[in-house]
Amino acid sequence: MKDLTTSDADALIAELGARARDAALALAEASAERKHAALIGAAEALRESEDAILDANTLDMDFAREKGLSPAMLDRLKLDPARVRAMAEGLRAVAEQADPVGRVLAEWDRPNGLHIRRVATPLGVIGVIYESRPNVTADAAGLALKAGNAVILRGGSESLHSSAAIHAALVRGLTQAGLPEAAVQIVPTRDRAAVAALLRAQGLIDVIVPRGGKGLVGLVQREARVPVFAHLEGICHVYADGDADLAKARRVVLNAKTRRTGICGAAECLLIDRRFYAEHGPVLIQDLLDAGVEVRAGGELAQVPGTVPAQPDDFGQEFLDKVIAATLVDGVEGAIAHIRRYGSGHTESILTENDATAERFFKGLDSAILMRNASTQFADGGEFGMGAEIGIATGKMHARGPVGAEQLTSFKYLVTGDGAIRA
């Protein structure tokens, strides 16, 4: 399906949306056992479909290379047996979690004779728009299903074949458990008109979750007519404090930048306390250089051999590549001031053995995730025990940080009386 007109795109999304709303009604009443069975069945189907998924991914990788995608973006797109297994294990982990639907969040009695309960309930229909990473297909579907929601997935144009192969496995799990196929649907076109139609599908879609770069997320936030869970950029900082343990600092900094450079939890800026630098010299910078990272150094750090002088716009930049900005700061207050100016509210890490300094860092910053002596690469729902996550939300309404199954619920009030009337 190509070159959709606006009316064609709206009709396509209206059809998917109507099916999703019917499926959402069924899911809202589905037992925890049936949802568990669907997720386990989907995980098994993924493993059984590994060859087909990898063959589809080969087609996508060829397409992406022809488009000229960067090495970091190609890494996001690439699947291998380990990544397929990880998707399956993610679904199993989500399956084994407690069912988030029906949880009593609070309850109380009122003098007017009412007993009130606030109970978790599904959001309804979730639209997920994502780039490159085909594993989002499984993560988003699994989390939405666990929380009793139907989901409409629109993967990136470069991941169309991979996403379709993964989707086919997920549908097998649904049907084996007696749940509607329309609980997980995929937009069957690369045409961007379908994205615009999703964003204006009021009454059909309850929330949109974008997963991708600044361009995609900015577009969604500007154009969406339905609520959005999103982060615009992952400009993550690591601050090496004067009281940092050198061995820990070297290990964490290198991992935070180099483990996977193309994910939103990758460190993009290294801040070094002048006291740490006076004691240990440019050891953290040298470790990065030795690992093949381009270090764009500000101030005195630009004198370190092998670095590149930083330009003003290198701070506050999401590189998603083997590039990092670095500069010296005056203690934790200098680090806080820098992050407040350049950060995106995603994830920041402090390396220190000083409890008071760590507490000041935690109180002084309002990012969705704050860490101590840990790599920013842990900014991931799987590592938080959520099995997977549908994104990292940096807003302050409803969901924040990793968005797992629990964050994909709303709530309703259940009120009981005994012939109660209001005077």
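Reader: By class, how many nonpolar, polar and charged residues are in the lining of the largest cavity?

Author: The lining of the largest cavity holds 9 nonpolar residues, 1 polar residue and no charged ones, where Ala, Val, Leu, Ile, Met, Phe, Trp, Tyr, Cys and Pro count as nonpolar, Asp, Glu, Lys and Arg as charged, and the others, Gly among them, as polar. Please keep in mind that this is a predicted model, in which local features need pLDDT of at least 70 and side-chain atom pairs count only at pLDDT 80 or more, while totals for chains, interfaces and linings use all residues. Residues are numbered from 1 along each chain as its sequence is written, and side-chain values use heavy atoms, with hydrogens and water left out.

Reader: What volume does the largest cavity have, and which elements give two or more residues to its lining?

Author: Its volume is about 60 Å³, and helices H2 (32-48), H6 and H7 (160-176) each give two or more residues to the lining. On a 1 Å grid over the protein atoms alone, a cavity is a set of points where a 1.4 Å probe fits but cannot get out, a pocket is an open set with protein on both sides within 12 Å along at least five of seven lines, and lining residues have an atom within 4 Å of a point. Grid points are joined across faces, edges and corners, and a volume is the space filled by probe spheres set on the points. Helices (H or I, at least four residues) and strands (E, at least two) are DSSP runs, numbered from the N terminus.

Reader: Switching to pockets, which residues are closest to the centre of the largest pocket?

Author: The largest pocket encloses about 830 Å³, and of its 37 lining residues, Arg133, Asn135, Arg259, Arg260 and Asp380 are the closest to its centre. H5 (81-96), H6 (135-146) and strand S6 (207-211) each contribute two or more lining residues, with the largest share, 4 residues, coming from H5.

Reader: And how do the residues of that lining divide by class?

Author: The lining of the largest pocket has 11 nonpolar, 13 polar and 13 charged residues.

Reader: Which residues have the most contacts inside the largest nonpolar core?

Author: Leu46, Ile126, Val128 and Ile390 do, in a core of 79 residues, where a nonpolar core means buried (under 20% relative accessible area, 1.4 Å probe, protein chains only) Ala, Val, Leu, Ile, Met, Phe, Trp, Tyr and Cys residues joined through side-chain atoms within 4.5 Å. Helix H1 (residues 6-29) gives the most to this core, with 8 residues.

Definitions and conventions: Buried < 20%, exposed > 50% of the residue type's maximum accessible area, 1.4 Å probe, protein only.
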